[in-house]
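Here is a set of exercises to work through with the structure open beside you. Try each task before reading its solution.

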Amino acid sequence: MKKIIKLCAIAALSAAPLFGATAQAADYPNRPVKFVVPWPPGDLEDILTRMIAEEMASETGKPASVVNKPGGAGIVGAADVARARNDGLTIGSFVADILTTHLHAGNAPYQKDTFEPVGIFLDYPFVLAVKADAPYNNVAELAKYSQQNKVSLGHFGYQALPTAITFKAAAKENIKFSSDAAFDALDCSTLANGDADVINTTLQLILPCLDDVKVLVSITDQRIPLVPDAPAIGELDASLNIALWNGLFVSKDTPQDVRDKIIAVAQETVFSERAQAVAAETGALVYWQNADESAARVANDIGTMAKIGSILE
(Lines give C-alpha, C1' and ligand atoms only; values in the text may rest on other atoms or scores of the structure.)
Protein backbone atom coordinates (compact mmCIF):
# COMPACT_ATOMS: atom_id res chain seq x y z
CA MET A 1 0.00 0.00 0.00
CA LYS A 2 1.34 3.41 -0.92
CA LYS A 3 1.93 5.73 2.00
CA ILE A 4 1.05 9.41 2.25
CA ILE A 5 4.22 11.46 1.92
CA LYS A 6 4.74 15.08 2.73
CA LEU A 7 3.58 17.36 -0.05
CA CYS A 8 7.02 18.74 -0.74
CA ALA A 9 8.46 15.24 -1.12
CA ILE A 10 5.70 14.29 -3.55
CA ALA A 11 6.33 17.38 -5.64
CA ALA A 12 10.06 16.76 -5.71
CA LEU A 13 9.61 13.11 -6.61
CA SER A 14 7.18 13.81 -9.43
CA ALA A 15 9.66 16.16 -11.03
CA ALA A 16 12.71 13.93 -10.63
CA PRO A 17 13.91 11.07 -12.85
CA LEU A 18 14.73 7.69 -11.34
CA PHE A 19 18.24 8.69 -10.38
CA GLY A 20 17.32 12.37 -10.10
CA ALA A 21 18.13 15.28 -7.90
CA THR A 22 15.82 15.12 -4.91
CA ALA A 23 17.78 15.56 -1.72
CA GLN A 24 17.14 12.03 -0.49
CA ALA A 25 17.71 10.39 -3.87
CA ALA A 26 20.89 12.36 -4.49
CA ASP A 27 22.26 11.42 -1.09
CA TYR A 28 21.25 7.76 -1.21
CA PRO A 29 23.20 5.80 -0.35
CA ASN A 30 25.32 8.08 1.81
CA ARG A 31 26.63 5.11 3.80
CA PRO A 32 27.22 1.41 3.05
CA VAL A 33 24.13 -0.58 2.10
CA LYS A 34 23.48 -3.89 3.86
CA PHE A 35 21.39 -6.64 2.29
CA VAL A 36 20.32 -9.06 5.02
CA VAL A 37 19.90 -12.69 3.93
CA PRO A 38 18.49 -14.65 6.89
CA TRP A 39 20.09 -17.91 5.74
CA PRO A 40 23.62 -19.29 5.39
CA PRO A 41 25.51 -18.35 2.22
CA GLY A 42 25.37 -20.34 -0.99
CA ASP A 43 21.69 -20.80 -1.82
CA LEU A 44 19.83 -19.15 -4.68
CA GLU A 45 18.60 -16.10 -2.78
CA ASP A 46 22.12 -15.52 -1.47
CA ILE A 47 23.70 -15.81 -4.93
CA LEU A 48 21.24 -13.44 -6.58
CA THR A 49 21.23 -10.96 -3.70
CA ARG A 50 25.02 -10.78 -3.93
CA MET A 51 24.66 -9.94 -7.62
CA ILE A 52 22.26 -7.12 -6.70
CA ALA A 53 24.65 -5.84 -4.01
CA GLU A 54 27.52 -5.84 -6.48
CA GLU A 55 25.44 -3.87 -8.97
CA MET A 56 24.42 -1.43 -6.23
CA ALA A 57 28.05 -0.76 -5.39
CA SER A 58 28.98 -0.38 -9.03
CA GLU A 59 26.04 1.92 -9.79
CA THR A 60 26.34 4.20 -6.76
CA GLY A 61 30.03 4.06 -5.92
CA LYS A 62 29.16 3.23 -2.30
CA PRO A 63 29.90 -0.07 -0.54
CA ALA A 64 27.10 -2.64 -0.59
CA SER A 65 27.33 -6.09 0.94
CA VAL A 66 25.33 -9.14 1.89
CA VAL A 67 25.16 -10.06 5.57
CA ASN A 68 24.03 -13.62 6.28
CA LYS A 69 22.07 -13.85 9.54
CA PRO A 70 20.72 -17.39 9.85
CA GLY A 71 18.70 -18.61 12.79
CA GLY A 72 15.12 -19.24 13.78
CA ALA A 73 14.21 -20.37 10.25
CA GLY A 74 14.78 -16.83 9.01
CA ILE A 75 13.40 -14.92 11.98
CA VAL A 76 16.77 -13.71 13.29
CA GLY A 77 17.63 -11.95 10.05
CA ALA A 78 14.11 -10.58 9.58
CA ALA A 79 14.15 -9.15 13.11
CA ASP A 80 17.39 -7.35 12.27
CA VAL A 81 15.69 -5.64 9.33
CA ALA A 82 12.65 -4.85 11.48
CA ARG A 83 14.89 -2.90 13.87
CA ALA A 84 16.57 -0.93 11.10
CA ARG A 85 15.92 2.72 10.24
CA ASN A 86 13.71 3.50 7.26
CA ASP A 87 16.57 4.92 5.20
CA GLY A 88 17.04 2.07 2.71
CA LEU A 89 20.48 1.22 4.05
CA THR A 90 19.23 -2.11 5.43
CA ILE A 91 17.35 -4.23 2.90
CA GLY A 92 15.87 -7.63 3.67
CA SER A 93 16.11 -10.43 1.12
CA PHE A 94 13.21 -12.57 2.35
CA VAL A 95 11.57 -15.82 1.35
CA ALA A 96 7.81 -16.17 1.62
CA ASP A 97 8.04 -17.93 5.00
CA ILE A 98 9.01 -14.67 6.69
CA LEU A 99 5.54 -13.25 6.04
CA THR A 100 3.46 -16.43 5.82
CA THR A 101 4.31 -19.43 8.00
CA HIS A 102 6.01 -17.43 10.76
CA LEU A 103 3.19 -14.92 11.06
CA HIS A 104 0.66 -17.75 11.01
CA ALA A 105 2.55 -19.59 13.76
CA GLY A 106 2.67 -16.41 15.86
CA ASN A 107 6.41 -16.68 16.52
CA ALA A 108 7.55 -13.64 14.54
CA PRO A 109 8.76 -10.51 16.42
CA TYR A 110 7.28 -8.29 13.71
CA GLN A 111 3.93 -7.63 12.03
CA LYS A 112 2.82 -8.13 8.44
CA ASP A 113 3.08 -4.38 7.83
CA THR A 114 6.55 -4.00 9.39
CA PHE A 115 8.09 -4.38 5.93
CA GLU A 116 7.02 -3.46 2.43
CA PRO A 117 8.29 -5.11 -0.74
CA VAL A 118 10.22 -3.20 -3.34
CA GLY A 119 9.91 -6.25 -5.56
CA ILE A 120 9.97 -10.04 -5.77
CA PHE A 121 12.69 -11.53 -7.98
CA LEU A 122 12.88 -15.31 -7.47
CA ASP A 123 10.71 -18.41 -7.22
CA TYR A 124 12.43 -21.44 -5.74
CA PRO A 125 11.91 -24.56 -7.88
CA PHE A 126 10.52 -26.81 -5.14
CA VAL A 127 9.36 -30.25 -6.27
CA LEU A 128 8.18 -33.62 -5.04
CA ALA A 129 10.68 -36.13 -6.42
CA VAL A 130 10.99 -39.92 -6.26
CA LYS A 131 13.36 -42.53 -7.64
CA ALA A 132 13.00 -43.26 -11.35
CA ASP A 133 11.93 -46.86 -10.63
CA ALA A 134 9.24 -45.88 -8.10
CA PRO A 135 5.96 -47.72 -8.85
CA TYR A 136 4.05 -44.46 -9.40
CA ASN A 137 4.39 -41.75 -12.01
CA ASN A 138 2.10 -39.00 -10.76
CA VAL A 139 0.32 -37.79 -7.66
CA ALA A 140 -2.80 -39.87 -8.29
CA GLU A 141 -0.77 -43.07 -8.60
CA LEU A 142 1.22 -42.16 -5.50
CA ALA A 143 -2.02 -41.72 -3.57
CA LYS A 144 -3.32 -45.11 -4.68
CA TYR A 145 -0.01 -46.82 -3.87
CA SER A 146 0.21 -45.22 -0.42
CA GLN A 147 -3.08 -46.76 0.66
CA GLN A 148 -1.55 -50.24 0.62
CA ASN A 149 2.17 -49.57 1.05
CA LYS A 150 4.46 -47.59 3.32
CA VAL A 151 5.70 -44.33 1.82
CA SER A 152 8.06 -42.03 3.72
CA LEU A 153 8.44 -38.29 3.10
CA GLY A 154 11.51 -36.12 3.55
CA HIS A 155 11.16 -32.35 3.92
CA PHE A 156 12.97 -29.28 5.24
CA GLY A 157 10.94 -28.82 8.43
CA TYR A 158 7.37 -28.30 9.54
CA GLN A 159 7.56 -24.50 9.45
CA ALA A 160 8.72 -24.38 5.82
CA LEU A 161 6.07 -23.21 3.38
CA PRO A 162 6.67 -26.04 0.86
CA THR A 163 6.18 -28.54 3.69
CA ALA A 164 2.84 -27.01 4.61
CA ILE A 165 1.75 -27.09 0.98
CA THR A 166 2.88 -30.71 0.64
CA PHE A 167 0.88 -31.88 3.65
CA LYS A 168 -2.19 -29.96 2.54
CA ALA A 169 -1.90 -31.44 -0.95
CA ALA A 170 -1.46 -34.90 0.56
CA ALA A 171 -4.66 -34.47 2.55
CA LYS A 172 -6.58 -33.27 -0.50
CA GLU A 173 -5.20 -35.96 -2.84
CA ASN A 174 -5.54 -38.74 -0.25
CA ILE A 175 -1.83 -39.50 -0.06
CA LYS A 176 -0.97 -41.42 3.11
CA PHE A 177 2.59 -40.94 4.30
CA SER A 178 3.54 -43.68 6.76
CA SER A 179 6.30 -41.46 8.17
CA ASP A 180 7.99 -38.15 7.58
CA ALA A 181 11.19 -36.49 8.76
CA ALA A 182 12.98 -33.17 8.46
CA PHE A 183 16.41 -33.24 6.80
CA ASP A 184 19.20 -30.70 6.62
CA ALA A 185 19.84 -31.79 3.03
CA LEU A 186 17.56 -33.49 0.54
CA ASP A 187 19.40 -34.52 -2.58
CA CYS A 188 20.22 -37.45 -4.82
CA SER A 189 21.69 -39.50 -1.97
CA THR A 190 18.51 -39.17 0.11
CA LEU A 191 16.59 -41.14 -2.50
CA ALA A 192 19.45 -43.42 -3.53
CA ASN A 193 20.06 -44.50 0.08
CA GLY A 194 16.38 -45.06 0.78
CA ASP A 195 16.28 -42.43 3.53
CA ALA A 196 12.95 -41.25 2.12
CA ASP A 197 10.69 -42.47 -0.69
CA VAL A 198 9.44 -39.00 -1.60
CA ILE A 199 11.41 -35.82 -1.05
CA ASN A 200 10.22 -32.21 -1.01
CA THR A 201 13.31 -30.39 -2.21
CA THR A 202 14.52 -27.90 -4.78
CA LEU A 203 15.20 -28.98 -8.33
CA GLN A 204 18.67 -27.49 -7.97
CA LEU A 205 19.61 -30.16 -5.39
CA ILE A 206 18.63 -33.09 -7.62
CA LEU A 207 19.90 -31.76 -10.95
CA PRO A 208 23.01 -34.01 -10.80
CA CYS A 209 20.76 -37.09 -10.83
CA LEU A 210 17.77 -35.79 -12.77
CA ASP A 211 17.92 -38.80 -15.11
CA ASP A 212 17.57 -41.09 -12.10
CA VAL A 213 14.52 -39.45 -10.52
CA LYS A 214 10.94 -38.59 -11.38
CA VAL A 215 9.41 -35.23 -10.53
CA LEU A 216 5.75 -35.78 -9.69
CA VAL A 217 4.73 -32.15 -9.13
CA SER A 218 6.38 -28.77 -8.69
CA ILE A 219 5.54 -26.73 -5.58
CA THR A 220 5.41 -23.58 -7.67
CA ASP A 221 2.70 -21.44 -9.22
CA GLN A 222 3.83 -22.31 -12.76
CA ARG A 223 5.62 -25.22 -14.41
CA ILE A 224 9.40 -25.37 -14.25
CA PRO A 225 11.00 -25.26 -17.71
CA LEU A 226 13.58 -27.94 -16.87
CA VAL A 227 10.80 -30.44 -16.00
CA PRO A 228 7.92 -29.25 -18.19
CA ASP A 229 5.91 -32.47 -17.86
CA ALA A 230 5.52 -32.08 -14.09
CA PRO A 231 2.36 -30.13 -13.24
CA ALA A 232 2.49 -27.15 -10.91
CA ILE A 233 0.72 -27.65 -7.60
CA GLY A 234 -2.01 -25.19 -8.57
CA GLU A 235 -2.97 -27.44 -11.47
CA LEU A 236 -3.94 -30.10 -8.94
CA ASP A 237 -5.77 -27.67 -6.69
CA ALA A 238 -6.15 -23.95 -7.38
CA SER A 239 -6.31 -23.22 -3.64
CA LEU A 240 -2.67 -24.35 -3.35
CA ASN A 241 -1.43 -22.00 -6.07
CA ILE A 242 1.51 -20.62 -4.11
CA ALA A 243 5.28 -20.60 -4.52
CA LEU A 244 8.28 -20.08 -2.29
CA TRP A 245 9.36 -16.69 -3.60
CA ASN A 246 12.15 -14.35 -2.54
CA GLY A 247 11.98 -10.57 -2.62
CA LEU A 248 13.59 -7.37 -1.39
CA PHE A 249 11.89 -5.66 1.55
CA VAL A 250 12.43 -2.35 3.34
CA SER A 251 10.91 -0.63 6.37
CA LYS A 252 7.41 0.59 5.58
CA ASP A 253 8.21 4.33 5.76
CA THR A 254 11.25 4.19 3.47
CA PRO A 255 11.01 7.15 1.01
CA GLN A 256 9.87 6.30 -2.49
CA ASP A 257 12.86 7.89 -4.18
CA VAL A 258 15.15 5.61 -2.20
CA ARG A 259 13.03 2.61 -3.16
CA ASP A 260 13.25 3.65 -6.80
CA LYS A 261 17.03 3.46 -6.72
CA ILE A 262 16.90 -0.03 -5.19
CA ILE A 263 14.34 -1.10 -7.80
CA ALA A 264 16.41 0.18 -10.71
CA VAL A 265 19.49 -1.70 -9.54
CA ALA A 266 17.58 -4.91 -8.79
CA GLN A 267 15.76 -4.91 -12.14
CA GLU A 268 18.96 -4.43 -14.08
CA THR A 269 20.55 -7.29 -12.14
CA VAL A 270 17.84 -9.93 -12.46
CA PHE A 271 17.53 -9.45 -16.20
CA SER A 272 21.29 -9.60 -16.66
CA GLU A 273 22.89 -12.47 -18.54
CA ARG A 274 24.52 -13.93 -15.45
CA ALA A 275 21.32 -13.88 -13.36
CA GLN A 276 19.35 -15.53 -16.14
CA ALA A 277 22.13 -18.10 -16.43
CA VAL A 278 21.44 -19.05 -12.80
CA ALA A 279 17.79 -19.55 -13.75
CA ALA A 280 18.69 -21.76 -16.69
CA GLU A 281 21.14 -23.84 -14.66
CA THR A 282 18.95 -24.40 -11.59
CA GLY A 283 15.34 -24.32 -12.78
CA ALA A 284 14.66 -21.25 -10.65
CA LEU A 285 12.36 -18.55 -11.99
CA VAL A 286 14.28 -15.25 -11.96
CA TYR A 287 12.23 -12.16 -12.89
CA TRP A 288 11.01 -8.87 -11.48
CA GLN A 289 7.58 -8.28 -9.95
CA ASN A 290 6.91 -4.66 -9.09
CA ALA A 291 6.09 -3.35 -5.63
CA ASP A 292 2.31 -3.14 -6.02
CA GLU A 293 2.03 -6.60 -7.54
CA SER A 294 4.39 -7.98 -4.90
CA ALA A 295 2.35 -6.44 -2.09
CA ALA A 296 -0.82 -7.97 -3.51
CA ARG A 297 0.90 -11.33 -3.83
CA VAL A 298 2.14 -11.21 -0.24
CA ALA A 299 -1.36 -10.37 1.03
CA ASN A 300 -2.86 -13.21 -1.01
CA ASP A 301 -0.24 -15.68 0.22
CA ILE A 302 -0.83 -14.68 3.84
CA GLY A 303 -4.49 -15.54 3.26
CA THR A 304 -3.60 -18.82 1.58
CA MET A 305 -1.29 -19.73 4.45
CA ALA A 306 -4.11 -19.11 6.92
CA LYS A 307 -6.13 -21.73 5.05
CA ILE A 308 -3.43 -24.38 4.71
CA GLY A 309 -1.47 -23.81 7.90
CA SER A 310 -3.87 -25.70 10.13
CA ILE A 311 -2.65 -28.97 8.64
CA LEU A 312 0.58 -28.57 10.63
CA GLU A 313 -1.01 -27.59 13.94
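**Exercise 1. Find the handedness of the link between C188 and C209, and place it in the chain.**

Step 1. The angle about the S-S bond is -95°, which goes with a left-handed link of C188 and C209.

Step 2. Now check the bond itself: the sulfur atoms of C188 and C209 are 2.0 Å apart, and a disulfide is defined as a pair of cysteine sulfur atoms within 2.5 Å. A search of the whole structure gives 1 disulfide.

Step 3. C188 belongs to helix α8 (residues 188-192), while C209 sits in the loop between α9 (203-206) and β9, so the pair ties together parts that are 21 residues apart in sequence. Helices here are DSSP runs of H or I with at least four residues, and strands are runs of E with at least two, numbered from the N terminus.

Step 4. C209 counts as buried because its relative accessibility is 9%; buried means under 20% relative accessible area, exposed over 50%, and partly exposed in between, using a 1.4 Å probe and protein chains only.

A word on the model before going on: it is predicted, with local features needing pLDDT of at least 70 and side-chain atom pairs counting only at pLDDT 80 or more, while totals for chains, interfaces and linings use all residues. Residues are numbered from 1 along each chain as its sequence is written, and side-chain values use heavy atoms, leaving out hydrogens and water.

**Exercise 2. Work out the strand order of the open sheet that has 5 strands.**

Step 1. The order is β7-β6-β8-β5-β9, and the pairing is mixed. Two strands pair if DSSP finds at least two bridges between them.

Step 2. β7 (179-182) and β9 are the edge strands, each pairing on one side only.

Step 3. From one strand to the next, the twist averages 25°. Angles run from 0 to 180 degrees between N-to-C directions, with axes being lines fitted to C-alpha atoms, for helices over the stretch in contact.

Step 4. For the parallel part, look at β6 and β8, joined by 2 bridges; here L153 stands opposite V198 in β8.

Step 5. Add the helix: α7 packs on the sheet and touches β5, β6, β7 and β8, its direction making about 155° with that of β6. Contact means heavy atoms within 4.5 Å.

**Exercise 3. Which strands does β5 pair with, and is it enclosed or open?**

Step 1. On one side, β5 pairs with strand β8 (residues 198-202) in the antiparallel sense over 4 bridges, and F126 stands opposite T202.

Step 2. β5 also pairs with strand β9 (residues 213-218), again antiparallel, over 5 bridges. In this pairing A129 faces V215.

Step 3. Strand β5 (residues 126-131) has 5 of its 6 residues buried, so it is largely enclosed by the rest of the structure.

**Exercise 4. How many aromatic pairs does a search of the whole structure find, and how are the rings of F94 and F249 arranged?**

Step 1. The search finds 7 aromatic pairs. Rings of Phe, Tyr and Trp (its six-membered ring) pair if their centres lie within 6.5 Å; planes under 30 degrees apart count as stacked, over 60 as edge-to-face and the rest as tilted.

Step 2. The pair of F94 and F249 is stacked, because the ring centres are 5.6 Å apart and the planes are at 25°.

Step 3. This pair links distant parts of the chain: F94 is in strand β3 (residues 90-95) and F249 in strand β10 (residues 245-251), 155 residues apart.

Step 4. F94 is buried at 0% relative accessibility, and F249 is buried with a relative accessible area of 0%.

Step 5. Turn to F126 and F156, an edge-to-face pair with 6.1 Å centre to centre and 90° between the planes. F126 lies in strand β5 and F156 in the loop between β6 (152-155) and α7 (161-173), so the pair ties together parts that are 30 residues apart in sequence.

Step 6. At 7% relative accessibility F126 is buried, whereas F156, at 29%, is partly exposed.

Step 7. Finally, ring pairs link F94, Y110, F115, W245 and F249 into a cluster.
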